[in-house]
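Okay, thanks for making time, everyone. Have a look at what's on the screen and I'll talk you through it.

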Amino acid sequence: MTALIIIVLVLSVIICFLNFPVYADIRYYGGKADIRIKYLWLTLYPRPDPPEKENEEKQKNAPPKKTVKTQPAKKSYADKEKVVKKTPSDKKSGDPPKAETKKKGKSVSEDKSKGKGKAKKKPPEKKKPLFERISDTVNDLTEKKDAALLLWELIKDDLVKLGKKISIDGLKLDFACADEDAYEAAMTYGRVSAVVYDLLAAVKCVIKVKVDFVKINCLFNVPADKSRYDGECKIMLRPASLLNALCAILFGFLVGYKKYNPALEVFIKK
């Protein structure tokens with residue numbers, strides 16, 4: 001009975017912790033991305049650097065130490081008079097060794113041993129005709145497309161349910177399409193507007209999104225380097241929701257193993 005109570009308490013604690021949300025703050029300003037993931041009081045990303053790396057960085061960033069040039073000590077008159085004479089034995093030992101002369105001729109046995117070590121060249125493989133290669137590529141793409149559609153059928157409903165558990169809060173988008181050519185600036189503005197609003201509408205169908213503001217401006221007679229694509233948002237998801245979706249997908253795969261396993265092998269093998 002005591003063991004059962006302990007198991008129930010442990011499971012309840014795990015379920016409780018799995019229902020605390022994970023927050024991801026995503027910011028993109030000036031071409032630099034800043035991502036911070038937090039769970040309760042813990043910062044999962046970015047992880048703090050270990051103290052050894054911090055010390056190394058401090059040493060690298062530290063200003064270089066000034067080196068003091070020391071002048072060599074002046075020799076006294078008595079030291080100048082001392083002269084070391086080399087003995088004949090020292091001269092002989094100091095002479096460089098004579099270079100060994102290489103033999104010009106090679107023995108017949110060495111040539112035979114080298115000839116045996118050489119591997120025979122393999123004949124070049126014949127390439128398939130262009131028509132056969134194109135047909136193989138088309139068949140491969142068709143097979144992968146059918147396998148992807150079958151796997152999408154497996155995970156579609158569970159992913160939609162998971163998307164409803166995700167919430168995006170504080171979405172801010174501040175875009176500016178700039179170009180010195182007015183036509184190019186207007187075309188870029190049109191493409192960006194279409195992509196942003198269409199993508200936002202598609203995401204809203206599955207995920208809860210709270211938009212603070214979306215600004216897309218068009219700047220004429222301005223260099224293209226002045227274009228701006230800034231934004232930020234906060235994403236919230238409970239680990240329990242992700243775990244439920246994974247378990248549901250795994251259960252569905254095991255139930256229809258004969259149906260979905262061949263589709264999965266198409267991507268694993270290739």
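Before I get to the pocket, a quick word on terms: a pocket here is an open set of grid points with protein on both sides within 12 Å along at least five of seven lines, and a residue counts as lining if it has an atom within 4 Å of a point. Keep in mind throughout that this is a predicted model.

So, with that in hand: which strand gives the largest share of the lining of the largest pocket? That's β6, with 6 residues. The whole lining is 17 residues, and the ones nearest the pocket's centre are Leu171, Leu173, Leu199, Leu200 and Cys233. Besides β6, you get at least two lining residues each from β1, which is 22–29, and from β4 and α7. The volume of this pocket comes out at about 390 Å³.

Let me zoom out for a moment. The protein chain has 9 helices and 6 strands. Of its 270 residues, 16% are buried. If you take the contacts with a separation of 6 or more, 74% of them are between residues 24 or more positions apart.

Now the sheet. The 6 strands make an open sheet, and reading across, the order is β3-β2-β1-β6-β4-β5, with mixed pairing. The edges are β3, at 42–45, and β5; each has a single partner strand, so each has one side left without a neighbour in the sheet. From one strand to the next, the twist averages 15 degrees.

Start at the β3 end. β2 and β3 are antiparallel, paired over 3 bridges, and Ile37 is opposite Tyr45 of β3. There are 2 residues between these strands in the hairpin, and Leu40 in the turn has a positive phi of about 55 degrees. That one caught my eye, as Leu40 is not a glycine. Is Leu40 buried, exposed or partly exposed? Its relative accessibility is 36%, so it counts as partly exposed.

Just past β3 there's another backbone feature to flag. The peptide bond going from Tyr45 to Pro46 is cis, with omega near 0 degrees. Pro46 sits in the loop that runs between β3 and α2, where α2 is 51–61.

One strand over, β1 pairs with β2, residues 32–39, again in the antiparallel sense, this time over 8 bridges. Val22 has Tyr39 as its bridge partner in β2. This is a hairpin as well, with 2 residues between the strands, and here the positive phi in the turn, about 65 degrees, belongs to Gly30.

Moving to the other end of the sheet, β4 and β6, the latter being residues 228–237, are antiparallel over 8 bridges. Ser167, for instance, has Met236 as its bridge partner in β6. Then α7 packs on the sheet and touches β4, β5 and β6, with its direction at about 175 degrees to that of β5.

That brings us to the core. The largest nonpolar core has 13 residues, and Leu171, Phe175, Val192, Val196 and Val209 have the most contacts inside it. Two or more residues come from each of β4 (167–179), α7 (182–204) and β5 (208–220). β4 gives the most, with 5. If you click on Val209 and skip its neighbours within four places in sequence, you'll find it in contact with Ile168, Leu171, Leu200, Val203 and Lys204. Leu171 and Leu200 should ring a bell, as both are among the residues nearest the pocket's centre.

Last stop: the loop between β5 and β6. Asn221 is in there, and Asn221 is another non-glycine with a positive phi, about 55 degrees. Its relative accessible area is 63%, so Asn221 is exposed. Even so, Asn221 has contacts away from its sequence neighbours, namely Asp179 and Glu180. Its C-alpha is 7.6 Å from that of Ala178, with 43 residues separating them in sequence.

Ala224 is in this loop too. What does Ala224 touch, not counting residues up to four places away in sequence? Ala178 and Asp179. With a relative accessible area of 44%, Ala224 is partly exposed. And from Ala224 to Asp181, also 43 residues along the chain, the C-alpha atoms are 9.2 Å apart.

That's my tour, so over to you for questions.

Definitions and conventions. Residues numbered from 1 in each chain as written. Predicted model: local features only at pLDDT ≥ 70, side-chain atom pairs only at ≥ 80, totals over all residues. Heavy atoms only, no water. Core = buried A, V, L, I, M, F, W, Y, C linked by side-chain atoms within 4.5 Å. Buried < 20%, exposed > 50% of the residue type's maximum accessible area, 1.4 Å probe, protein only. Helix = DSSP H or I, 4+ residues; strand = E, 2+ residues; numbered from the N terminus. Contact = heavy atoms within 4.5 Å. Pairing = 2+ DSSP bridges. Axes fitted to C-alpha atoms, helices over the stretch in contact; angles between N-to-C directions. 1 Å grid on protein atoms, 1.4 Å probe; cavity = no way out; pocket = protein on both sides within 12 Å on 5 of 7 lines; lining within 4 Å. Points joined across faces, edges and corners; volume = space filled by probe spheres on them.
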